[in-house]
Every structure is written in C-alpha cells, then in structure tokens.
Amino acid sequence: MAVFDKVGRFMETTLILLKPDCIAGRLAGEVLKRFEGAGFQICGCKMFRADAGVLREHYAHIATKPFFPEVETFMQSTPVIALALAGENAVERVRDLIGPTDSRKAAKGTVRGDFGLDVMVNMVHASDSPENAQIELRRFFKDGELFDYGMRYTTKA
Ligand code: ADP
C-alpha cells in the first residue's frame, strides 16, 4: 500500500482505530477533524465489529497479559472505525496527536488527554512504526478499500 502526493513523493500511511469509547461518545467527528486539520488525508475508512480472531492478532503483544480479556470485551462493546491516514511522517505525527497509552498521563490537547479515561479506555489505536502500519493496514483493509486520489480541490475552509 503506497500513497503519493501530487509531485510524486511517497506519503506515509498509518492505521487508526476509533475505539468504542470514541464511537459511543460521538467523538469520531472531533477526532477526525483533528487529524484532517493536521493535514492528513483519508485514504481508507470502514466500520465493523472487531471479532476475537482479529483482536488476538492485532493485540498479539498483549494477548498473554492478565488485562487482555478486559481489552477484548471493551473492543467488542461497539463497532469500531478503521481509518487509513496518509501524510508526511504520519506514524509519528499521529502518535504525537493522540498522546501516550495511559490517558491520565496524556497532555491536554492530545486526543487521549482530552477525551480518554484511563490506560484501557483511550479513544484510539494508532500504528507505532511504519513497518507495523503496513501490517495493520493489510489487517483491516482489503485490496480495493484503500484509495490514492490526490488533492484535487481547494476549499473555502
Ligand atoms: P498503544 O495502544 O498506546 O500502542 P499498547 O500496544 O501497549 O498501547 O496496548 C494496546 C492497548 O491495550 C492499549 O491501547 C489499551 O487499550 C490496552 N492496554 C494497554 N495496557 C493496559 C493495561 N495495563 N490495562 C488495561 N488495558 C491496557
């Protein structure tokens, strides 16, 4: 999966999940506004229920932790929204916008700092490296569900 800007430069793409607290809290628009406002472009977007298999794969690094069953229940409590966002240095910049895992330690002005509850209920997932971003984009998007369409219009905003 590769996205290029209008002069043909590779645009890094990252995978975001809007988690159940974000969805149930009607904060999906607010979070997306922040990402778009920071210059990221949506190249994929879908809502679905995360099944046990995909969660076990996605959270393989925490699957043996005692808190994993709780994470699984939380992540299945509503549908989630997956976003593919492209932009310069997208992985690192999106991680900066969301803040650290524990919402209580996240700075005001970050998504988790402003809206997250604690270490589990923390609004969003975002890929933590360009390598993982490629793996995670393939995990949640099939061929034909990611789009490279360029910046075609200017808007008043
Ligand atoms: P991040 O999502 O910031 O990359 P991790 O990969 O370490 O963080 O953890 C994955 C997710 O598992 C977290 O976003 C959070 O929802 C949950 N989680 C992590 N640590 C804990 C914990 N100690 N207790 C409960 N849930 C946790």
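A residue counts as buried if 20 or more other C-beta atoms lie within 10 Å of its own, with C-beta atoms placed from the backbone. Ala 50 has 20 C-beta neighbours inside 10 Å, so Ala 50 counts as buried. The structure described here is a predicted model. This briefing covers the surroundings of Ala 50, the strands β3, β4, β5 and β6, the largest nonpolar core, helix α7 and the ligand shell.

**Ala 50 and its surroundings**

- Ala 50 sits in the loop that runs between β4 and α3 (52-58).
- Leaving out residues up to four places away in sequence, Ala 50 touches Leu 55, Met 75, Gln 76 and Val 80.
- Glu 72 is 22 residues from Ala 50 in sequence, and the C-alpha atoms of the two are 9.1 Å apart in space.

**Strand β3**

- Six of the six residues of β3 are buried, and the strand is mostly covered.
- In a regular strand, side chains alternate between the two faces of the sheet.
- On one side of β3 the buried residues are Thr 13, Leu 15 and Leu 17, and on the other side they are Thr 14, Ile 16 and Leu 18.
- Both faces of β3 are therefore covered, as the residues on each side are all buried.

**Strand pairing**

- β3 and β5 run antiparallel and are joined by six bridges.
- Within this pairing, Leu 15 stands opposite Ala 84 in β5, and Ile 16 has Leu 83 of β5 as its bridge partner.
- β5 also pairs with β4 (residues 41-48) in the antiparallel sense, over seven bridges.
- Phe 48 stands opposite Val 80 in β5, and Val 80 is also one of the residues that Ala 50 touches.
- β3 pairs with β6 in the antiparallel sense as well, over three bridges.
- The bridge partner of Leu 18 in β6 is Val 124.
- Six of the seven residues of β5 are buried, so this strand is largely enclosed by the rest of the structure.

**The largest nonpolar core**

- The largest nonpolar core has 30 residues, of which Ile 16, Leu 85, Val 94 and Val 124 touch the most other members.
- Two or more residues of this core come from each of β3, α2 (28-37), β5, α5, β6 (124-126) and α7.
- β5 gives the most to this core, with six residues.
- Not counting residues up to four places away in sequence, Val 124 touches Ile 16, Leu 17, Leu 18, Lys 19, Cys 22, Val 31, Ile 98 and Val 111.

**Helix α7**

- Helix α7 spans residues 130-140, and its buried residues are Ala 133, Glu 136, Leu 137 and Phe 140.
- Seen down the axis of α7, these buried residues fall within an arc of 105 degrees, so they line one face of the helix.
- The buried residues of α7 pack against β3 (13-18), β5 (80-86) and α5 (90-98).

**The ligand**

- Which residues surround the ligand? They are Tyr 59, Ile 62, Phe 67, Val 71, Thr 101, Val 119, Met 120, Asn 122, His 125 and Asp 128.
- The shell around the ligand divides into six nonpolar residues, three polar and one charged.

Note on methods
Residues are numbered from 1 along each chain as its sequence is written. This is a predicted model: local features need pLDDT of at least 70, side-chain atom pairs count only at pLDDT 80 or more; totals for chains, interfaces and linings use all residues. A residue is near a molecule or strand if its C-beta atom, placed from the backbone, lies within 6 Å of it. Ala, Val, Leu, Ile, Met, Phe, Trp, Tyr, Cys and Pro count as nonpolar, Asp, Glu, Lys and Arg as charged, and the others, Gly among them, as polar. A residue is buried if 20 or more other C-beta atoms lie within 10 Å of its own, exposed if 12 or fewer, and partly exposed in between; C-beta atoms are placed from the backbone. Helices (H or I, at least four residues) and strands (E, at least two) are DSSP runs, numbered from the N terminus. The arc is that of the directions from the helix axis to the C-beta atoms. Two residues are in contact if their C-beta atoms, placed from the backbone, lie within 7 Å. A nonpolar core is a set of buried Ala, Val, Leu, Ile, Met, Phe, Trp, Tyr and Cys residues joined through C-beta atoms within 7 Å. Two strands pair if DSSP finds at least two bridges between them.
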